[in-house]
Amino acid sequence: NHQNRSRLRFVDFTFTQEPQDAVTVRGGTLQLDCQAQSDTSAATGPPAITWRKDGVLLSAVVDERRRQLANGSLLVQNVVHSRHHRPDEGEYQCLATLDGLGSIVSRTAKVTVAGKKTLCPLKVVVPTESVSSYLGDTALLRCEVSGDPTPVIRWQKNREDLPPTFEPESRLAALPSGSLQVSRVQPPDSATYRCLADNPGSTRTGTDAELRVLRINESTQPSRITADLQNADSQMLIFFPCRNKKYSLLAGSNLVIRSVTDDDSGSYSCTATNKNHNISAQAELSVLVPPQFLNYPTNTYAYESTDIELECAVTGNPPPSVRWMKNGEEVIPSDYFQIVDGSNLQILGLVKSDEGFYQCVAENSAGSSQAMAQLLLREPGRPTFSGISFLVSISFQRFEIIDDMNSDLRWCYRCYYCLPDVVFSHIRERSVNVSEPESLELTVSNLKPEESYSFRVVAYNDVGPGQSSAPLKITTKPDLQVPSRVESLRAAALSPTSVQVNWEPPSHPNGPVLGYRLLWTESPSGKEQSVEVNGLNYKMEGLNKFTEYTVRVLAINRYGPGTASEPVGITTQSDGVGPPAAPRRLFFSVVFQSIKVSWQPPPRGAQNGIITAYKIKYRKTGRRGDQEAIEPNNFWFLFTGLEKGSQYSFQVAAMTVNGTGPASDWYTAETPENDLDESQVPDQPSSLHVRPLPNSIIMSWTPPLSPNILVRGYIIGYGVGSPYAETVRVDSKQRYYSIENLEPSSHYVISLKAFNNAGEGVPLYESAVTRSLTDTSTPMIPPVGVQAVALSSDSVRVSWADNSMTKNQKASEVRYYSVKWKTSYSTSGKYKSADTTALSHTVTGLKPNTMYEFAVMVTKGRKSSTWSMTAHATTYEAASARPRDSTTTVRQQWKPNRRPKSKCQGYILYYTLDKNMPIDDWVMEAISGDRLTHQVVDLNLDTVYYFRIQAKNAKGVGPLSEPIHFRTAKGPSQTEIMSCSCFLLFYIS
């Protein structure tokens with residue numbers, strides 16, 4: 001044990017390089033650097049580096065694009081970025097770990113990808129215009145360009161580049177706005193200028209502008225330029241030119257402040273003077289200060305079961321937020337981990353697992369800082385002594401200890417206590433030191449009345465703790481002698497920083513009340529404060545504005561403090577004199593002719609008081625005038641009775657006693673053309689096509705064929721051998737998706753299903769094998785723009801385009817096309833097909849009034865593309881084969897299943913002249929709802945027809961009934977009605 005303690009020392013463990021914020025472009029390369037060192041590297045080896053993205057640990061070798069270098073850096077090649085897939089953009093941290101000791105985490109680096117779809121294109125806000133300037137005056141060539149990321153502005157003179165930065169004594173200066181200033185204009189300055197703007201995504205070149213230098217007989221240049229510095233405490237007038245390390249002029253008139261500090265915040269004015277006139281302009285400077293530590297956490301030794309507090313005091317502008325990390329993981333406040341005094345970390349009842357590295361992380365909009373401390377728990381020593389026995393005399397929350405050992409050593413004692421329902425080694429004990437050495441008495445306070453506690457005592461000296469005594473169980477007395485709760489506790493906010501609290505005495509004081517204790521807790525920090533009060537009221541001052549507090553009061557008599565009252569909540573007033581800020585983010589739920597608008601309230605610091613209601617303005621697109629609605633209680637409002645197939649715009653503003661604040665941006669939502677059904681889940685998507693590449697699979701699909709069921713979106717599942725490893729949700733209007741970051745030469749199973757508020761529909765499955773990285777052949781691109789147009793009751797013309805052909809290349813020379821088709825309601829999945837060398841094909845021999853789906857594939861040599869996206873067309877109704885008096889009508893009737901497993905949504909009736917034909921070639925008629933009869937019209941006279949029927953529900957279609965036959969009437973004068981019973985068994989998967 002002594003040797004272990006001698007080796008127990010603190011480790012010097014720090015980052016030597018941390019990842020920095022970065023902006024990259026789609027298809028580019030990103031490298032984030034991270035290195036750490038410790039003074040134990042010789043014994044334990046260098047720290048191990050791992051990476052996190054958005055809080056999730058990354059594998060050391062993620063894929064071919066993203067890998068970790070030997071020095072710990074993270075390298076991402078061929079950065080991927082699209083509207084719906086952004087795997088490389090986000091927040092990155094590196095984690096340094098010493099085996100057996102713990103981990104520390106780096107600063108957070110934000111990576112932004114500037115792709116064509118995500119960056120804000122460069123826009124010239126103020127174009128450069130030609131200017132004329134008198135000799136010796138100042139000329140300003142303006143060039144203001146906006147974009148995201150912020151562009152870099154550079155200038156050219158007569159199409160030759162000017163330096164990106166100028167010397168302080170230069171007459172030329174590039175201003176922060178992008179404009180070029182030319183001071184004390186000279187004849188050589190007469191030239192043509194233009195600005196160029198660049199950011200990682202694009203480049204913009206400004207228009208040519210001419211600077212003309214005019215000559216005059218008498219100079220009118222200012223005799224002096226002064227900078228007037230003002231702040232709250234002093235006023236200073238500085239004349240230029242002069243030599244000043246703090247302040248200087250750039251290009252003769254721009255004020256440069258070096259080594260800026262918070263003290264430089266204030267109001268500045270610039271005054272230009274000549275013999276005829278003077279003018280002034282003002283500007284306000286607010287200096288942002290990154291977090292700075294006033295108190296650092298320190299390395300700490302401690303014993304198990306004791307309490308410690310790690311200090312961390314920071315300052316900055318704006319005030320930083322503080323959070324604690326332990327071994328790279330954020331510390332979540334609990335009964336044993338508490339944030340006290342604003343930012344200190346208190347740990348109660350230490351256990352062995354609390355050892356490690358603790359980091360205090362402070363952040364504000366100006367930056368972040370962190371400080372680290374290590375916590376080590378000493379192993380107890382084992383001095384030999386006979387032990388401790390208890391002689392207990394209990395008064396309320398008090399006991400005495402008598403030592404029966406005979407020893408010449410001077411001992412101190414520590415008492416450990418807890419609720420004894422579980423084994424000591426598995427819980428956190430609290431400990432209290434005996435205040436006087438060798439004292440045999442200790443009072444433990446703040447215990448609960450009528451609770452059983454288990455106590456044990458340990459003697460210790462400079463060597464360490466000894467052996468523990470046997471535990472002793474003690475039950476505290478009921479609190480009958482202390483005062484009962486105070487009554488009628490009330491709190492009222494007087495101002496943004498003060499609250500008045502009043503209460504009535506307890507109904508059962510059990511003797512004279514000696515005073516009261518007022519306790520209040522700030523939300524959400526949880527910081528609690530208390531004060532002793534003699535009267536029945538107290539004014540709390542120095543509070544934070546517009547902050548929620550909970551207040552409790554307890555009475556005290558000669559037996560001690562009583563039970564605290566129930567907490568009362570109160571919020572201080574806001575000092576904002578203006579209206580609140582705009583609400584954030586609007587969300588919509590559309591059901592039939594109703595739109596539910598939801599929103600998030602303004603940030604708490606910008607509410608300027610208690611929000612009393614929200615004002616919602618709305619209008620139909622294309623109409624003039626807005627309508628208003630008021631919502632006083634909720635963060636949503638339901639608009640009903642809207643028009644079908646119409647687009648509506650909405651904006652929301654918050655209201656307080658100070659007035660109505662600015663409204664949010666306008667957001668739009670659209671009601672459907674028809675009252676779509678959302679009482680059942682969507683049908684299966686009508687088609688799914690996949691195209692594999694080495695590291696990705698491109699999906700395309702068509703929506704379910706049921707036009708009356710609402711689809712809110714699609715769920716894509718994929719994985720190696722199973723479609724359940726990863727899932728992605730996409731919008732209902734999306735028809736394609738690219739699955740990225742896949743392994744080459746791997747078999748993936750893909751599922752696609754539609755969903756709405758009623759649930760998820762039946763999935764459609766497809767599989768694909770990603771291509772090998774060594775496969776350099778270019779895959780065939782499937783035909784695009786496939787269109788199907790019905791020509792008659794039995795023919796459809798299918799046309800397409802082939803983007804893989806060059807303009808001068810003829811399709812018939814190198815390739816041919818395959819067209820496949822089937823009825824959209826086919827259950828067999830069998831297609832018919834035909835080949836052609838043209839870019840269109842007419843499919844004949846189809847059934848009348850039937851919807852078909854078509855797809856096209858291109859073949860060149862031994863290579864073929866995947867099938868194209870599906871197109872649909874419905875053939876025309878057939879003209880009557882005979883005059884009206886030569887046809888007949890048959891009414892079909894059937895019975896439903898006696899024990900259906902779910903609600904029937906309709907039926908599909910098939911009929912034919914040849915019962916041996918495949919079911920896909922039978923004439924089909926869809927029957928919606930739960931009707932049990934159907935009329936089949938325009939049949940031939942004196943002809944035998946065969947009929948089959950099947951039911952469908954939300955899960956799909958059931959099995960077909962057995963065929964029945966019926967002969968139509970011999971003449972038009974006869975009318976016969978066929979009645980048959982088909983008992984249908986519903987199949988529910």
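In the predicted model, strand β31 pairs with strand β36 (residues 344-347) in the antiparallel sense, over 3 bridges. Within this pairing, I308 has I347 of β36 as its bridge partner. The two strands belong to an open sheet of 3 strands, in the order β31-β36-β35 and with antiparallel pairing. Strands β31 and β35 (337-340) stand at the edges of the sheet; each has a single partner strand, so one side of each is left without a neighbour in the sheet. On average, and with direction ignored, neighbouring strands of this sheet are turned by 25° against each other. Strands of a sheet pair through backbone hydrogen bonds, in either a parallel or an antiparallel arrangement.

Strand β31 also bounds the loop that holds one of the bonded cysteines. C312 lies in the loop between β31 (308-310) and β32 (313-317), and C360 lies in strand β37 (residues 356-364). These cysteines form a disulfide, with their sulfur atoms 1.9 Å apart. The link of C312 and C360 is left-handed, with -70° about the S-S bond. The positions of the two residues are 48 residues apart in sequence, so the disulfide ties together separate parts of the chain. C312 is buried, and C360 is buried as well.

The structure holds 3 disulfides. Another of them is formed by C34 and C94, whose sulfur atoms are 2.0 Å apart. This link is right-handed, with 65° about the S-S bond. C34 is placed in the loop between β3 (30-32) and β4 (35-38), whereas C94 is part of strand β9 (residues 90-98); the pair therefore ties together parts that are 60 residues apart in sequence. Both C34 and C94 are buried.

C143 is joined to C195 by a disulfide with an S to S distance of 2.0 Å. With 70° about the S-S bond, the link of C143 and C195 is right-handed. This pair links distant parts of the chain, 52 residues apart: C143 is in the loop between β14 (139-141) and β15 (144-148), and C195 is in strand β20 (residues 191-199). The relative accessible area of C143 is 2%, so this residue counts as buried. C195, with a relative accessible area of 4%, is likewise buried.

When the bonded cysteines of the protein are numbered in sequence order, the pairing is 1-2, 3-4, 5-6. A further cysteine, C270, has a relative accessible area of 36% and is partly exposed.

Turning to aromatic contacts, a search of the whole structure finds 17 aromatic pairs. In one of these, the ring centres of F10 and Y301 are 4.4 Å apart and the ring planes stand at 40°, so the pair is tilted. The contact links distant parts of the chain, with F10 in the loop between α1 (2-7) and β1 (13-17) and Y301 in strand β30 (residues 300-302), 291 residues apart. F10 is partly exposed, at a relative accessible area of 22%. Y301 also counts as partly exposed, with 31% relative accessibility.

Y618 and F639 form another tilted pair, because their ring planes are at 55°; the ring centres lie 4.4 Å apart. Here Y618 is in strand β56 (residues 613-620) and F639 is in strand β58 (residues 636-639), and the pair links distant parts of the chain, 21 residues apart. Y618 has a relative accessible area of 15% and is buried. F639 counts as buried too, at 5% relative accessibility. Both residues of this pair are members of one aromatic cluster, formed by F588, Y618, F637, F639 and F650.

Charged side chains are also placed over aromatic rings. The charged end of K596 sits over the ring of W636, at 4.9 Å from the ring centre. Over the face of F755 lies R729, at 4.6 Å from the centre of the ring.

How values were computed:
Residues numbered from 1 in each chain as written. Predicted model: local features only at pLDDT ≥ 70, side-chain atom pairs only at ≥ 80, totals over all residues. Heavy atoms only, no water. Disulfide = S-S within 2.5 Å. Helix = DSSP H or I, 4+ residues; strand = E, 2+ residues; numbered from the N terminus. Buried < 20%, exposed > 50% of the residue type's maximum accessible area, 1.4 Å probe, protein only. Pairing = 2+ DSSP bridges. Axes fitted to C-alpha atoms, helices over the stretch in contact; angles between N-to-C directions. Phe/Tyr/Trp six-rings, centres within 6.5 Å; stacked < 30°, edge-to-face > 60°. Lys NZ or Arg CZ within 6 Å of the ring centre and 35° of its normal.
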